[in-house]
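Reader: Hi! I'm new to this one, could you walk me through it?

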Amino acid sequence: MAFLNSVEPLAGKKVPEKVYLQRLITGELERVHSHMLWAGVMAHEIGLETLFMYFWREREHILDVFDELTGNRVHHSPDLIGTAKRSFGKKELDFMLGKLDTIENEMKDLREVMRTHDVITRRFKKHGKIGKKMAKELGLVGPVARASGINYDVRKNAPYMAYAIKELTVKPVLREGGDSYERSMNRLDEIFECIRLLRKAAEMIDPKEAVPKKPPFFVKEGFGMGRSEAPRGENFHFVNVENNRIVRLKLRTPTLANVISYSAILEGEDITDVPVIIGSLDPCISCMERVAVIKDGKKEIWNSHELFAGKKHD
Amino acid sequence: MSYLQGRNMIELLLVLLLIPLAVAIEGIRRKIVAHMHNRTGPPLIQPFYDLIKLFGKESFIRNNMVFSMVPYLAFLCSLVLALIIPFSVLKFDFDFLVIGYLFILQDTFYIFGAVASRSPFGTYASVRELLLMLGYEIAFLIVISLFFFKSGAVGFADYDTEFAILQMPFASIFLIFTAFVILRVTPFDVMVAAPEISAGFFSEYSGKKLAFLEIAEWLKDFLVYVLLGVLLFGKIYGLVLAPLFMFFYAVMLTSSPRYSTVTTVKVFLVLALLAFLDLFILV
């Protein structure tokens, strides 16, 4: 979505509202699924495999919805520049709404387990504390920042696409304290906010309307910047285009913004609590790993070792 | 072999048959855990498949004698335990103390192997195990001695108290608690905490050596179930009710998260102190 935000103004095409709403639906479903996946991993970190399996069972419902809406379960990529690959009809949206009811009921129980279980709260509370000041200084984003009391959400502060519609304004979940427990509860509460948005968007969408065909466009030269609120936080893209080809693409994934806090919050913690604290930041290590250089048709991928060893960019 | 005089080979064979039985019990335990996890789980004979595969694999051999010897020594510990616990093939006075020592010895071997492998995961597991040993092994030794003192038996074969759980509830609870660590069951399984220290002691083992370690662990687990059954419910009921403990610990494994290491060590130090108090009250 950040890429679309950066490229679509360059292409100069008018995008219909239905496409925006469809993007909101896939984006929010993506967020729900990401948070459930994270919650499962978090349960695994403290040795509670049962809760892990229960969270991932609920996640299966979301994957089914993706299958119904876009035709693929995980790598769905439903978006095209200016339009979408498929139009969501009544059948698909009803399927989604039915599944949302199931998920909401189950998630209420599971959140109650995470909130009240004695051992879980003992492991989560007071570990990996990030105060408001520290979060501001480190420039943290996403649920990590919001659990520390920073009211920042790209969907709210710089509304894009369907989030700019008045009825679909996001109410960010805010918490104080910023320890592992607050971050966890923040994410679980966010799932319910996502479900509210999804219901509203499904209500507003017109199932009969078709999405436009893939429009031709040509960009001579230019650059665009776009950002979006990914499940883990603010995602930033910088795109430089020459003769309808991307010559430079710079991504700043939310994990890259949050990873800086590790050294500060892990100081003085027991090794038992390290997986819990790192897990509570929801890191996506693969999001930060590589650099790909494509030059004269040859592709070269650098990993972190080569990058740190000082391979010079020419 | 003077201890084995007057025993025929059939009894020894019976003990060797306990090994496949223990592996089969592990299969059932996995099925129960899978059921609690809301998944289908592996087939019942999956542990046998695992062992066949491990025996077929080449072992990553280091030029390290302690590291190579540990799996066989640990397996031997379990085997000697199997001679004592269910049928008393090997019997002598005060063999219940030897039961406690064998559990300590086996864990000590694991620590030797883990330290000799020089893996940081193994070293961390060893430190945790040593810290816990101060608590749980002492409590375990005291508590099994308590059961035998109370019944007036001098060996495992003479133990004939029935439903000791009703006569000495505190000691029974302590025994069930120490078994959490011996069986590596949450919330007290800090020495095998996968997200923190990988496979703990066994991180560097592979192939045949890992297979022996696995058999040693499964046989030990099986014998702990039987020991708990016999001590708490008596000889006849104990053998019948031993699967109940397997079920109990499988349910505990799936229904509780892990305490942090500090909390676990604290719990078991307190437990050792309480066991001491219990001993004095009885004496």
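Author: Happy to; we can talk about a sheet in one chain and a helix pair in another.

Author: This is a predicted model, where local features need pLDDT of at least 70, side-chain atom pairs count only at pLDDT 80 or more, and totals for chains, interfaces and linings use all residues. Residues are numbered from 1 along each chain as its sequence is written, while chains are lettered from A and ligands numbered from 1 in the order in which they are written.

Reader: Thanks! In what order do the three strands of the open sheet in chain A come?

Author: The order is E3-E4-E5, with antiparallel pairing. Strands here are DSSP runs of E with at least two residues, helices are runs of H or I with at least four, and both are numbered from the N terminus. Two strands pair if DSSP finds at least two bridges between them.

Reader: Which strands of chain A stand at the edges?

Author: E3 and E5 of chain A do, each with a single partner strand, so one side of each has no neighbour in the sheet. From one strand to the next, the twist averages 15°.

Reader: And how many bridges join E3(A) to E4(A)?

Author: Ten bridges link E3(A), residues 221-230, to E4(A). Among the facing residues, Glu221(A) has Glu242(A) as its bridge partner, and Phe223(A) stands opposite Asn240(A). The two strands form a hairpin with two residues between them.

Reader: What about E4(A) and E5(A), how many bridges there?

Author: Seven, again in the antiparallel sense, with E5(A) covering residues 245-252. Val241(A) has Ile246(A) as its bridge partner. E4(A) and E5(A) also form a hairpin with two residues between them, and Asn243(A) in the turn has a positive phi of about 50°.

Reader: Is E4(A) mostly covered or open?

Author: Mostly covered: seven of the ten residues in E4(A) are buried, meaning 20 or more other C-beta atoms, placed from the backbone, lie within 10 Å of a residue's own.

Reader: New topic! At what angle do H2 and H9 of chain B pack?

Author: H2(B), residues 46-56, and H9(B), residues 207-233, pack at about 150°, with their axes 6 Å apart. That makes H2(B) roughly antiparallel to H9(B), a term for angles over 145 degrees. Axes are lines fitted to C-alpha atoms, for helices over the stretch in contact, and angles run from 0 to 180 degrees between N-to-C directions.

Reader: Which residues in H2(B) meet H9(B)?

Author: Leu51(B), Leu54(B) and Phe55(B) do, and their partners in H9(B) include Leu210(B) and Ile215(B). Contact means C-beta atoms, placed from the backbone, within 7 Å.

How values were computed
Angles under 35 degrees count as roughly parallel, over 145 as roughly antiparallel, 65 to 115 as roughly perpendicular and the rest as oblique. Two residues are in contact if their C-beta atoms, placed from the backbone, lie within 7 Å. A residue is buried if 20 or more other C-beta atoms lie within 10 Å of its own, exposed if 12 or fewer, and partly exposed in between; C-beta atoms are placed from the backbone.
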